[in-house]
Amino acid sequence: MSKVYELGFGNTENEIKIEKLEIQGIIPGWLQGTLIRNGPGTFKVGEQQYRHWFDGLAMLHKFSIQNGNVSYANKYLNTKAYREAKATNQISYSEFATDPCRSLFSRIMTVFSPKITDSAKVSIAKIAQRYMALAETPIQVEFDPDTLESVGVFNYEDRLVGQMTTVHPQFDFEYDTVYNLVTRYHRVSHYNIHQIVGNTPPTKLSSLPVNSPSYLHSFGMSKNYFILTEFPLVVNPLALLLWLKPYIENFKWKPERGTPFWVINRHTGELVSRFESDPFFAFHHINAFEQGDELIVDLAAYSDASIIQSYYLQRMQSNLNQLPSGNLRRYRIPLKGKTVSYETISDSCMELPNFDYARLNTNPDYRYVYSVSVNKEKNLGFYNQILKVDIKHKKDLFWFEFGCYPGEPIFVGRPGRANEDDGVILSVVLDERAGSSFLLVLDASSFNEIARVSIPQPILFGYHGAYFPENHEKSELL
Ligand SMILES: [Fe+2]
C-alpha cells in the first residue's frame, strides 16, 4: 500500500477553506447540516515520525452542506502538543504508542504526571452545548464549529477522578444526559461512570474497584444497564506510574482471564453481576438492549488484541500486512443465568461501526449496521470498502471501488422517514489514483452512489466524526 500509505499516513501542510466544492451527482435537498471529522493531521514532526495510527496531531475537517452545495475547511486543533511541536520541531508529548525522545521526556515528566497529549483527535461530540474534540484522556478540547478555532481545553474531569476515558460517551437524549466511563489508575484502580445532565457539572454515578484495569475504548448501554466488557488487555497500574514505555505498550494480553461482562444498574450505579465469557477484544460496542431476561450486546469483535499491533505504521507500510478481521458479534447475557453465548451475525470484516444511534440506541428493533471493511478478494492492507449489515436477514451489502479507501460511514436519516435506512451514508474516501479525497454520499438503502464531492488534497486516515443537522431538535451524534 505504498502510495496510499504516503497519502493516508502523511502530513497535511495546508489549512484550507473552500466555499464551493466540485460535485458529481446531486446532493438531496433535505441534507442540510455539517459533518465534522476528527483525526491526525500529520504523522510527522520535524524529522520525527509517530509510530502508530492512533498517534499524531489532531486536525478537524468540516463539510457544510446547504442547498445542494458543500463547503470545506480544515484546521489543526490548537493544543499544547501542537504548539510545542511547531515551536521545537520535535514530538514533545506522549501519545498512544509514541513517547517523546527519552532525554526530553525525562526532563518534563514526573512519575505521577507523564506529559500526556492534549491533542484530542479521536472523535467529536456535543456535550453540555459545547462542541468537543475527544481523546482517550479526560482532556477534551472545545472548538468553535463555525471557524474550527480551538476555544480551549475543557477539563470536565479533574485528574483526581481518573486518567483515561472513552471517546464514545453514551447519550440519553430523552433526559438530556451524557454518560462516560473514566478509569482511575491507582493502587486499587476504579472504573467510574459519570453523567452530565444538561449543562450541570459531571457527577459520579458508579465506581467499581479493579486491580488490573482493561483497555476500554467504548462501553455498552441498554435501557437499564451499563455494560463494561472487560477485555483481557490489562495493565498493572504501577507500570503506568513508572511510564517506561508508551501508554498502550504497558498493557498485556491475558486470555486466561476471559472477557467478563460487568453489568451495572443504570439507576443505582451498582454492579448487578459479572458474566464470564471466552476471551475476545473489541474497540467498539455497537448497540445493546434488553429482550426478556436477556441482555443483548452487539460489538465489532476480534479473537484477540493483535489489531493494535497491526496499526503500527511500520507494519502498515508493508504490503504484506493483513489486518485482523473484526466481525459483528451478538452476545447474549442471561440476566438470570450464567452462560454467555454469542453468534457471528456477519463474517465480513467490520471496523468503525455505526447505526442510527439517535433513534435506535438501546432499541431491540434496530436492523442495520454500517462500517468500514476490507474487501476479501482485493485485500490491499487497509479498509477499502463500506459494509452494510442487515441483522434481520443476515445479509451484507458493500460499496467498493478499486483504489478507494473510505473512512467511517455516518448515517444521516431523511427527516420524517418511515424506514430505518431511508437516508444517506457520508464517508470521506481517500482516492489513491487521484492523490486526493472526496466526500462520498451513498443512498443508505440501496448503497448506490448519489454524489461525490472532491477535495483538492488528501485527508489522512482519521477515526470518528459527527453530523449536526441544521435544524436539529436533538443532537444526532455518534
Ligand atoms: Fe472509536
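**Exercise 1. In the predicted model, work out the strand order of the open sheet that contains β17, and state which strands lie at its edges.**

Solution. The open sheet has four strands, which follow the order β17-β18-β21-β22 with antiparallel pairing. The edge strands are β17, covering 220–221, and β22, covering 271–275, and each of them pairs on one side only. Going along the order from β17, the step to β18 (residues 225–229) is an antiparallel pairing over two bridges, and a hairpin of three residues joins β17 to β18. Within this pairing, Gly 220 has Ile 227 of β18 as its bridge partner, while Met 221 stands opposite Phe 226. The next step leads from β18 to β21 (residues 261–265), and here the antiparallel pairing runs over five bridges; Phe 226 stands opposite Ile 264 of β21.

**Exercise 2. Decide whether β18 is enclosed or open to the outside, taking its residues face by face.**

Solution. Begin with one side of the strand, where Tyr 225, Ile 227 and Thr 229 are buried. On the other side, Phe 226 and Leu 228 are buried as well, which leaves both faces of β18 covered. Five of the five residues of β18 are therefore buried, so the strand is largely enclosed by the rest of the structure.

**Exercise 3. Describe the surroundings of Met 221, starting from its strand and ending with its contacts.**

Solution. Met 221 lies in strand β17. A residue counts as buried if 20 or more other C-beta atoms lie within 10 Å of its own, and Met 221 is buried because it has 25 C-beta neighbours inside 10 Å. If the neighbours within four places in sequence are left aside, Met 221 is in contact with Gln 170, Tyr 179, Phe 226, Ala 288 and Thr 362. As for Phe 275, it is 54 residues from Met 221 in sequence, and the C-alpha atoms of the two are 16 Å apart in space.

**Exercise 4. Find the edges of the open sheet that contains β1, and explain what being at an edge means for these strands.**

Solution. This open sheet has five strands in the order β1-β7-β6-β3-β36, with antiparallel pairing. At its edges stand β1 (17–18) and β36 (465–469); each has a single partner strand, so one side of each is left without a neighbour in the sheet. For β1, the antiparallel connection to β7 (residues 69–76) is made by two bridges, and in it Ile 18 has Tyr 72 of β7 as its bridge partner.

**Exercise 5. Compare the settings of Asn 89 and Asp 176, giving for each the phi value, the loop and the degree of exposure.**

Solution. Most residues other than glycine have a negative phi. Asn 89 has a positive phi, near 60°, and lies in the loop between α2 (80–88) and α3 (102–108). With 12 other C-beta atoms within 10 Å, Asn 89 is exposed. Asp 176 also has a positive phi, near 50°, and is found in the loop between β13 (170–172) and β14 (177–184). Because 15 other C-beta atoms lie within 10 Å of Asp 176, this residue is partly exposed.

**Exercise 6. State how the two faces of β32 are covered, and identify a strand that pairs with β32.**

Solution. In β32 (residues 410–413), Ile 410 and Val 412 are buried on one side, and Phe 411 and Gly 413 are buried on the other. Four bridges join β32 to β33 (residues 423–431) in an antiparallel arrangement, with Ile 410 standing opposite Leu 426 of β33.

**Exercise 7. Name the residues with the most contacts inside the largest nonpolar core, and follow the contacts of one of them.**

Solution. The largest nonpolar core has 138 residues, and those with the most contacts inside it are Leu 77 and Ala 133. Apart from neighbours within four places in sequence, the contacts of Leu 77 include Ala 58, Met 59, Leu 60 and Tyr 82. Also among them are Ala 133, Val 141 and Phe 143.

**Exercise 8. Judge how confident the predictor is in this model, and locate a stretch with a pLDDT below 50.**

Solution. The pLDDT averages 92 over the protein, and 93% of the residues score at least 70. Over residues 473–478, however, the pLDDT is below 50, and this stretch has 15 contacts in the model beyond near neighbours in sequence.

Technical notes:
Residues numbered from 1 in each chain as written. Predicted model: local features only at pLDDT ≥ 70, side-chain atom pairs only at ≥ 80, totals over all residues. Pairing = 2+ DSSP bridges. Contact = placed C-beta atoms within 7 Å. pLDDT = per-residue confidence, 0-100. Core = buried A, V, L, I, M, F, W, Y, C linked by C-beta atoms within 7 Å.
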